[in-house]
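This report is meant for someone meeting this structure for the first time. Please keep the sequence and the model at hand while reading.

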Amino acid sequence: MLEEALQQKEGVLNALLNNIPDMAWLKDKKSRFIAVNESYGKACGCDPESVVGKTDLDIWPRELALYYRKYDRDVMRTRQRIAIEEPLVDRQGRTLWIEAIKTPIIDAKGRVTGLAGIARDITERRILIEKLRAGEEAMRQAMKERETLARDLHDQSIQALYALGLELELCSQLMPESARKTGRRLRAIIKELNTTIRELRSFITDVRTIKPPPFFLDREIQVFLDRIRKTRAVRVLARIDEEACKLLDAGQSAHVLNIVREAVSNSLRHSKARHVTVSIARKKGQVCIVIRDDGVGIVKQDFDRKGFGLNNICARVAEMKGRMQIRSKEGRGTSVRIVLGEGG
Ligand SMILES: Nc1ncnc2c1ncn2[C@@H]1O[C@H](COP(=O)(O)OP(=O)(O)OP(=O)(O)O)[C@@H](O)[C@H]1O
Ligand SMILES: [Mg+2]
């Protein structure tokens, strides 16, 4: 009679377990299997009946078995249901991922007698999530590259075109005086225009292949300032410490050159200054870069409405983890001061 009742109970239990499409199992207090369903048998490649009485160590690779047992113990100790994502090595030796829910079995007297578990294959979901993450990362990278590209186009190519514009202006002033002199200048301008066009073209065709040519910051700044001296009535002074420039690596030097170009052309375009000074000096192992003019100063609402130029300067300083201060008073000039280096 008793045996019949037991058999009936077992039949009900098996029907219930096998009705679950996911993997399902019951274990006793010592993590021995009491019953597993057909899905579980399929996953481990064993007959469900043969699994009864065994432990994870008898079925799964040791490392996985110990991992499963750790969570079994946690569930029985804390008496709390847990949901975890676990790896699983199937019969073909492939690693799949399962989402397992483990629940303690508690008897009428409140004692933990084992646990019940179900698990579903979430390998595809994980692959999708990983693909999504990789896609997001690629998107972030592309956005970053786009930002750098926009910044370099503004600071390098557009500034170069602006400088050429200044030279053309000078040519037009020279015209009546000497056609030969003008011709020479025009040829030099055409050469530079072609260089700028080539530069822009390479930006467009392949962003990643562009490597800045090696250059010496102090020399590049002098070339830039000389050109301004030729074309503008402004007095441009430079106090550039070569040794300070040597403290900057190639990336920092390129940033500093672009900052100097932008700040100086801002002074020329907006400030009506009579003097512009560029200085680069060393101070306690740090490099201090100052671009100062004695022009009209930046009006507050113009400063708040920053254009590409000032925004790019801020972004470049931030990328170098430097510190920047822009001081300006209406009618009293503007100074852009940047400090780079440790504790910058
Ligand atoms: N040295 C300066 N003296 C006076 N005003 C300045 C000076 N530098 C910047 N400004 C003001 O701040 C504004 C923002 O400068 P910013 O360089 O960001 O943009 P922009 O020069 O107008 O355009 P671009 O995007 O081509 O640089 C300028 O339009 C100008 O009004
Ligand atoms: Mg500007």
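The sections below go from the overall form to particular sites.

## Overall form

The structure is a predicted model, and its protein contains 12 helices and 10 strands. With a radius of gyration of 37 Å, well over the 20 Å that the globule rule gives for 344 residues, the protein is more spread out than a compact globule. Taken along the principal axes, the box filled by its C-alpha atoms is roughly 125 × 40 × 40 Å.

Of the 344 residues in the protein, 37% are buried. When contacts with a separation of 6 or more are considered, 54% of them are made by residues 24 or more positions apart.

## The magnesium site

Which protein residues act as donors to the magnesium ion (ligand 2)? They are Glu 262, through OE, and Asn 266, through OD1, and these donors lie 2.0 to 2.1 Å from the ion. Both residues belong to helix α10, which covers residues 250-271, and they are placed four residues apart, about one turn of the helix.

Are these two donor residues buried or exposed? Glu 262 has a relative accessibility of 2% and therefore counts as buried, since the limit is under 20%. Asn 266, with a relative accessible area of 15%, is buried as well.

## His 154 and its surroundings

Glu 262 also appears among the contacts of His 154, which, once residues up to four places away in sequence are set aside, touches Gln 159, Glu 262, Phe 308, Gly 309 and Asn 312. His 154 itself is part of helix α6, spanning residues 123-174, and its relative accessibility of 15% makes it a buried residue. In addition, the side chains of His 154 and Asp 155 are joined by a polar contact of 2.6 Å.

Helix α6 also holds Leu 164, which is buried at 3% relative accessibility. Not counting residues up to four places away in sequence, Leu 164 touches Ile 189, Glu 192, Leu 193 and Thr 196. Although Leu 164 and Arg 227 are 63 residues apart in sequence, their C-alpha atoms are 9.3 Å apart in space.

## Aromatic residues

The structure has six aromatic pairs. One of them is formed by Tyr 40 and Trp 60, whose arrangement is edge-to-face, with 6.0 Å from centre to centre and 70° between the planes. This pair links distant parts of the chain, for Tyr 40 lies in helix α2 (residues 38-44) while Trp 60 lies in the loop between α4 (56-59) and α5 (62-78), 20 residues apart. Both partners are buried, Tyr 40 at 3% relative accessibility and Trp 60 at 6%.

Tyr 40 and Trp 60 belong to one aromatic cluster, which also includes Trp 25, Phe 33, Tyr 67, Tyr 68 and Tyr 71. Lys 70 lies over the face of Tyr 71, at 4.7 Å from the centre of the ring. Elsewhere, the charged end of Arg 269 sits over the ring of Tyr 162, at 5.5 Å from the ring centre.

## Asp 72 and two residues with positive phi

Asp 72 lies in helix α5 and counts as buried at 0% relative accessibility. When neighbours within four places in sequence are left aside, Asp 72 is in contact with Lys 27, Ser 31, Asp 56, Lys 102 and Leu 115. One of these, Ser 31, has a positive phi of about 65° although it is not a glycine. Ser 31 is located in the loop between β1 (23-28) and β2 (33-36), and it is buried, with a relative accessibility of 6%.

Where does Lys 272 lie? Lys 272 is in the loop between α10 and β7 (275-283), and its phi, near 60°, is likewise a positive value in a residue other than glycine. At 71% relative accessibility, Lys 272 counts as exposed, whereas Ser 31 counts as buried.

How values were computed:
Residues numbered from 1 in each chain as written. Chains lettered and ligands numbered in written order. Predicted model: local features only at pLDDT ≥ 70, side-chain atom pairs only at ≥ 80, totals over all residues. Heavy atoms only, no water. Donors = N, O, S within 2.8 Å, 3.2 Å for Na, K, Ca; no water. Buried < 20%, exposed > 50% of the residue type's maximum accessible area, 1.4 Å probe, protein only. Polar contact = N/O pair within 3.5 Å; in protein donor to acceptor, adjacent residues only side chain to side chain. Contact = heavy atoms within 4.5 Å. Phe/Tyr/Trp six-rings, centres within 6.5 Å; stacked < 30°, edge-to-face > 60°. Lys NZ or Arg CZ within 6 Å of the ring centre and 35° of its normal. Rg over C-alpha atoms; globule rule 2.2 N^0.38 Å.
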